[in-house]
Amino acid sequence: MTRVFRTPQKVLTGGLALLFLFPLLWASVASVSPQAGSAQIGGWGFGNYRTLANYQAGIGQYLLNSTAVSLMTVAFTLLVSLLGGYAFAQFRFPGRDLLFLVTLAILMVPYATLLIPLYVLLNQLGLQDSLLGLALVLTMFQLPFATFMMRISFESVPKDLSESAQVDGCGTLRTLLYVLVPAVKPGLITVGLFAFLAAWNDFITPLVLISDSAKMPLPLAVANMRQQVMGIVDYGATEAGVVVLALPCVVLFLALQRHYVRGFMSGALKG
């Protein structure tokens, strides 16, 4: 009887997996297949990847830019959300719940409407057209969800754990670093993975904030590469860029998927 119920479930999940994987598989095949108007006209090969590698500043520079922005975004997001989630979960202070609701309310504001004011602010701070300024803006967009995740992660940790550490002589900071941080590691990994994927794949924010072609992240470089003369688009090189963009995301998700699921389940396992 159990097999009768498991078979439709496996068919459904397998079909959904194929549905989501098909665009990536199609892009991978298209990037090495022969296409008119591309560097890979005859036969199968990596001509499209050579076109991508030699575009303007080179794919190495664009990958370096994307990596730097993504890592800074992850670091800033983890630091602020860790402290914010810890404060919201462990301390009682006037207006705590109202402040938390205001933090979550930022999610209801379309982030594209904030880009122009943020552009002006970065210009005043001297961070316009910089990777640091871009990382700070991307961090701001991630903080509401990240703070929410870290709060429920800390709330899922038994109070006895932190109280025992304080009885043994640990201060607030030592309790956080040596006792609570290991306990909320799945939540940290979930937040970090979300922040990395958002920063790595973001297109609108660097489009508004970055004007120097040497500082463009890879998504913006791939989009600009489509703007060829006479309206002709090099689809082969574009698909190669899609594959290069997707590969780190797939590898990271496969490596961290267990922690990712545990992080989302932390609120359900509270207590």
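## A walk through an all-helix chain

Of the 271 residues in the chain, 40% are buried, where buried means under 20% relative accessible area, exposed means over 50%, and partly exposed falls in between (1.4 Å probe, protein chains only). Keep in mind that this is a predicted model, in which local features need pLDDT of at least 70 and side-chain atom pairs count only at pLDDT 80 or more, while totals for chains, interfaces and linings use all residues. Numbering starts from 1 along each chain as its sequence is written, and side-chain values use heavy atoms, with hydrogens and water left out.

What is the chain built from? It has 12 helices and zero strands; these are DSSP runs (H or I, at least four residues, for helices; E, at least two, for strands), numbered from the N terminus.

Let's begin in helix α1, residues 2–32, where you'll find Leu12. Leu12 is exposed, at a relative accessible area of 55%. Together with Leu16, Leu19 and Phe20, Leu12 forms a nonpolar patch on the surface, and the four share about 460 Å² of accessible area.

For a contrasting setting, try helix α8 (residues 172–183), which holds Leu180. With a relative accessible area of 1%, Leu180 counts as buried. Its C-alpha atom is separated by 7.7 Å from that of Val157, although the two residues are 23 apart along the chain.

Now for the open space. Rolling a probe the size of a water molecule over the atoms shows where empty space is left. The largest pocket holds about 230 Å³ of space. Which residues are closest to its centre? Out of 15 lining residues, they are Leu107, Tyr111, Met140, Phe141 and Gln142. Two elements, α6 (131–155) and α9 (185–201), each give two or more residues to the lining, and α6 gives the most, with six. Sorted by class, the lining has 12 nonpolar, two polar and one charged residues. Here Ala, Val, Leu, Ile, Met, Phe, Trp, Tyr, Cys and Pro count as nonpolar, Asp, Glu, Lys and Arg as charged, and the others, Gly among them, as polar.

One last stop is the loop between α5 (115–125) and α6, home to Asp129. Most residues other than glycine have a negative phi. Asp129, though not a glycine, has a positive phi of about 55°. Is Asp129 buried or exposed? Asp129 is buried, because its relative accessible area is 16%.

Methods. Patches are made of residues with over 30% relative accessible area and no salt bridge: like charges are joined within 9 Å, nonpolar side chains (Val, Leu, Ile, Met, Phe, Trp, Tyr) within 5 Å. Accessible areas come from the Shrake-Rupley method with a 1.4 Å probe; for residues, only the protein chains shown count as cover. A salt bridge is a side-chain nitrogen of Lys or Arg within 4 Å of a carboxyl oxygen of Asp or Glu. On a 1 Å grid over the protein atoms alone, a cavity is a set of points where a 1.4 Å probe fits but cannot get out, and a pocket is an open set with protein on both sides within 12 Å along at least five of seven lines; lining residues have an atom within 4 Å of a point. Grid points are joined across faces, edges and corners, and a volume is the space filled by probe spheres set on the points.
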